[in-house]
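Thanks for making time for this. I would like to go through one structure with you, starting from the overall layout and then moving to a few individual side chains.

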Amino acid sequence: MTPVLKVLWEDWADRALGLPRYETPGAAGADLHANFGPSDREDGLMLHPMERRLVPTGLRFEIPPGFEVQIRPRSGLALKQGISLPNTPGTIDSDYRGPLGVALINLGTDPVRIQHGDRIAQMIVAPVVQADFALVEDLSETARGAGGFGSTGRR
């Protein structure tokens with residue numbers, strides 16, 4: 001069954017930008033657009049190297065229980081301009097009803113202007129499993145054991 005996300009526009013949002021959408025039939029992520037308020041639409045915002053800013057989407061969601069929305073960078077923006085998300089992937093829980101803003105960071109060497117309507121991130125709808133936690137005296141043995149970061153080698 002395909003989950004349905006209920007979407008609410010902010011009062012000030014530019015509805016002409018449309019709802020998030022999948023650009024191809026095989027796309028895993030639906031694109032999110034920068035949706036600035038009327039006073040910021042013409043100029044957008046300038047994101048300087050290593051600067052972080054919250055970019056509005058003009059949207060709020062009701063995510064079905066048992067699902068989350070993950071916010072991820074767009075690969076083209078990351079490669080071409082160094083734009084990423086400082087908390088990637090960002091998680092929107094099913095019980096959050098506030099406005100969706102996307103935290104962007106400029107990891108590049110040049111300032112980048114984010115314009116009204118730009119595709120700034122992608123959202124993935126994913127199932128969530130909540131676990132129970134049990135305190136134990138020890139853990140089962142494995143071949144890897146306690147080996148951590150890089151412990152399995154380079155190749």
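**From overall layout to single residues**

Reading along the sequence, what you see is the pattern β-β-β-β-β-α-β-β-β-β-β, which amounts to one helix and ten strands. Please keep in mind throughout that this is a predicted model.

Let me begin with the overall dimensions. The radius of gyration of the protein is 19 Å, whereas a compact globule of 155 residues would have a value near 15 Å. Along the principal axes, the C-alpha atoms fill a box of roughly 60 × 40 × 30 Å. Of the 155 residues, 35% are buried, and the accessible surface comes to about 10600 Å², with carbon and sulfur atoms contributing 53% of that area. If we take the contacts with a sequence separation of 6 or more, 71% of them are between residues 24 or more positions apart.

Now to the charges. The protein carries 16 positive and 19 negative charges, and the mean positions of these two sets lie 7 Å apart. With a cut-off of 4 Å between a side-chain nitrogen of Lys or Arg and a carboxyl oxygen of Asp or Glu, the count comes to six salt bridges, and I will walk through some of them.

Which residue does Glu10 pair with in a salt bridge? The partner is Arg60, and the closest N and O atoms of the two are 2.9 Å apart. Glu10 sits in the loop between strand E1 (6–9) and strand E2 (30–33), while Arg60 belongs to strand E4 (residues 52–62), so this pair ties together parts of the protein that are 50 residues apart in sequence. As for their surroundings, Glu10 counts as buried because its relative accessibility is 11%, which falls under the 20% limit, whereas Arg60, with a relative accessible area of 27%, is partly exposed.

A second salt bridge joins the side chains of Glu23 and Arg21, with an N to O distance of 3.5 Å. Here both partners are partly exposed, Glu23 with a relative accessible area of 42% and Arg21 at 37% relative accessibility.

The third one I want to show is formed by Arg74 and Asp31, whose closest N and O atoms are 3.5 Å apart. This pair again links distant parts of the chain, since Arg74 lies in the loop between strand E5 (67–72) and helix H1 (75–81) and Asp31 lies in strand E2, 43 residues apart. Is Asp31 buried or exposed? At 7% relative accessibility, Asp31 counts as buried. Salt bridges that share partners also bring in Arg119, so that Asp31, Arg74 and Arg119 form one network.

Finally, let me turn to an uncharged position, Val102, which is located in strand E8 (residues 99–106). Val102 is buried, its relative accessible area being 1%. Which residues does Val102 touch, once those up to four places away in sequence are left out? The list consists of Leu32, Arg53, Leu54, Val55, Thr57, Ile71, Leu85, Ile120 and Ala121. For one of these, Ala121, the C-alpha to C-alpha distance from Val102 is 7.5 Å, with the two residues 19 positions apart in sequence.

To close, the two points I would come back to on the display are the network of Asp31, Arg74 and Arg119 and the buried Val102 in its strand.

Notes. Residues are numbered from 1 along each chain as its sequence is written. This is a predicted model: local features need pLDDT of at least 70, side-chain atom pairs count only at pLDDT 80 or more; totals for chains, interfaces and linings use all residues. Side-chain values use heavy atoms; hydrogens and water are left out. Helices (H or I, at least four residues) and strands (E, at least two) are DSSP runs, numbered from the N terminus. The radius of gyration is taken over C-alpha atoms; the globule rule is 2.2 Å times the number of residues to the power 0.38. Buried means under 20% relative accessible area, exposed over 50%, partly exposed in between (1.4 Å probe, protein chains only). Contact means heavy atoms within 4.5 Å. Accessible areas come from the Shrake-Rupley method with a 1.4 Å probe; for residues, only the protein chains shown count as cover. Lys and Arg count as positive and Asp and Glu as negative; His and the chain ends are not counted. The place of a charge is taken as NZ of Lys, CZ of Arg, CG of Asp or CD of Glu.
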